[in-house]
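Student: I have a model open in front of me. Can we go through its inner spaces and its ligand, term by term?

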Amino acid sequence: MLVDGRHYRTIWEKPPANERDLPSVIQVIDQRALPFEFVVEDLATVDDFARAIADMHVRGAGLIGAAAAYGMYIATLNAPDGHAFGAAIDQAARRMRATRPTAVNLTHAVDRQLAAIAGAPSVKQKRDAALHTARAIADEDADHCCAIGTHGLAIIEGIRRHKTSGEPVNILTHCNAGWLAFVDHGTATSPIYAAHDAGVPVHVWVDETRPRNQGASLTAWELGNHGVEHTVIADNTGGHLMQHGMVDMVIVGSDRTTRAGDVANKIGTYLKALAAHDNGVPFYVALPSSTIDWSITDGLTQIPIEQRNPDEVRFIQGAVHDSVQKVLLTPPNSPAANYAFDVTPARLVTALITERGVCAPQEDKLVEMFPEHRTKTSIAQS
Ligand code: MRU
């Protein structure tokens with residue numbers, strides 16, 4: 001997507017000084033600084049990657065997956081050539097997996113890298129294979145998000161046909177399932193960008209998304225950069241807007257979706273789904289298949305829900321004049337709880353928008369669309 005007229009992905013390779021060398025530095029946008037500053041960060045060690053994912057310099061299911069894939073590539077580069085190579089790779093895989101538990105893209109990326117590395121005979125070939133795989137994961141993520149835009153656009157156009165001319169389609173979204181959460185395009189935002197670019201008038205209600213405010217700081221920044229009409233709202237506003245006919249559809253992303261269509265997404269998504277259900281507002285979830293956990297069916301009991309530092313609830317970050325500051329919101333000694341995700345049961349989801357098309361949140365429909373996953377697989381852990 002464009003930032004000040006220049007095309008960026010959220011993760012890319014820094015060109016090596018000698019073009020015959022393998023890239024040894026990966027660059028990302030440090031999202032903690034947005035929307036106030038655009039900071040590019042260099043990642044060159046497994047530690048750098050683990051910290052960047054856990055502390056959310058990079059975040060969002062697709063980008064977490066791509067970052068973990070590049071983290072594993074960097075592990076092959078920094079691992080010693082001899083017999084200690086394998087142990088270093090296993091340790092890097094454990095480090096990556098421990099960073100964030102909910103987004104399944106991370107597990108998929110690490111598993112895919114381990115298989116690619118194991119399948120190459122020499123250390124040099126293992127490094128080449130890991131680089132090739134990291135590039136493939138990043139490119140697939142961008143391509144899949146782009147395809148989600150095409151399928152979602154048809155839904156937005158359908159809603160548009162029932163509105164009076166000039167009236168925008170009002171879309172509510174939660175958190176940031178935008179291009180910043182993936183490698184490019186985003187999931188929930190991809191149909192929005194496609195509609196905007198096709199001349200379909202859209203207006204987005206952006207949930208601020210406490211505690212880290214990814215909606216207010218990231219989604220609003222993205223939409224504004226692309227010229228999409230939007231309004232930031234406090235998290236509790238969506239139900240009121242739906243009761244008054246001010247929301248035509250909800251589109252959210254997902255961090256892990258079961259093969260039966262239960263959706264884990266940023267905390268608060270479930271409440272929006274309940275309000276949408278009560279008001280007859282269609283509730284769509286946009287996700288690439290890399291976010292589907294084909295090994296589980298029951299989201300409530302089988303999806304691990306990350307709990308983060310309670311200080312993310314107790315403090316809030318913002319700009320005071322030119323300086324970014326954190327301020328305390330609660331009495332200094334009040335404890336806080338910080339559940340990062342919740343699960344929306346499939347029965348509250350109108351449809352899933354995937355790279356292969358739109359389908360009902362049901363196991364048989366998902367498997368029809370992704371027949372290679374007809375058999376339930378288990379996820380490898382190391
Ligand atoms: O905690 P985050 O910011 O990594 O959470 C991811 C999200 O932004 C949302 O849950 C999003 O809606 C899912 S799409 C990656």
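**Cavities and ligand**

Tutor: The structure holds 3 cavities of 30 Å³ or more. This is a predicted model: local features need pLDDT of at least 70, side-chain atom pairs count only at pLDDT 80 or more, and totals for chains, interfaces and linings use all residues. Residues are numbered from 1 along each chain as its sequence is written, and side-chain values use heavy atoms, with hydrogens and water left out.

Student: What makes a space a cavity?

Tutor: On a 1 Å grid over the protein atoms alone, a cavity is a set of points where a 1.4 Å probe fits but cannot get out. About 160 Å³ of space lies in the largest cavity. That volume is the space filled by probe spheres set on the points, joined across faces, edges and corners.

Student: Which residues lie nearest the centre of the largest cavity?

Tutor: Arg59, Gly60, Cys175, Asn176 and Asp255, out of 19 lining residues. Lining residues have an atom within 4 Å of a point.

Student: Why is the largest cavity said to lie between domain 1 (2-140) and domain 2 (151-373)?

Tutor: Both domains give residues to its lining, so the largest cavity lies between them. The domain bounds come from an automatic or database domain assignment.

Student: What sits in the largest cavity?

Tutor: The ligand does. To sit there, more than half of its atoms must lie within 2 Å of the cavity's grid points.

Student: Which residues are closest to the ligand?

Tutor: Arg59, Arg100, Asp255, Asn265 and Lys266, among 18 that surround the ligand. To be near, a residue needs a heavy atom within 4 Å.

Student: What makes the Arg59 pair a polar contact?

Tutor: A polar contact with the ligand is a pair of N or O atoms within 3.5 Å. A polar side-chain atom of Arg59 lies 2.6 Å from a ligand oxygen, so the pair meets that limit. Lys266 also places a polar side-chain atom 2.6 Å from an oxygen of the ligand. For the side chain of Asn265, the N or O atom is 2.7 Å from a ligand oxygen.

Student: How much of the ligand's own accessible area does the protein cover?

Tutor: 100% of 400 Å², by the Shrake-Rupley method with a 1.4 Å probe.

Methods
Polar contact = N/O pair within 3.5 Å; in protein donor to acceptor, adjacent residues only side chain to side chain. 1 Å grid on protein atoms, 1.4 Å probe; cavity = no way out; pocket = protein on both sides within 12 Å on 5 of 7 lines; lining within 4 Å.
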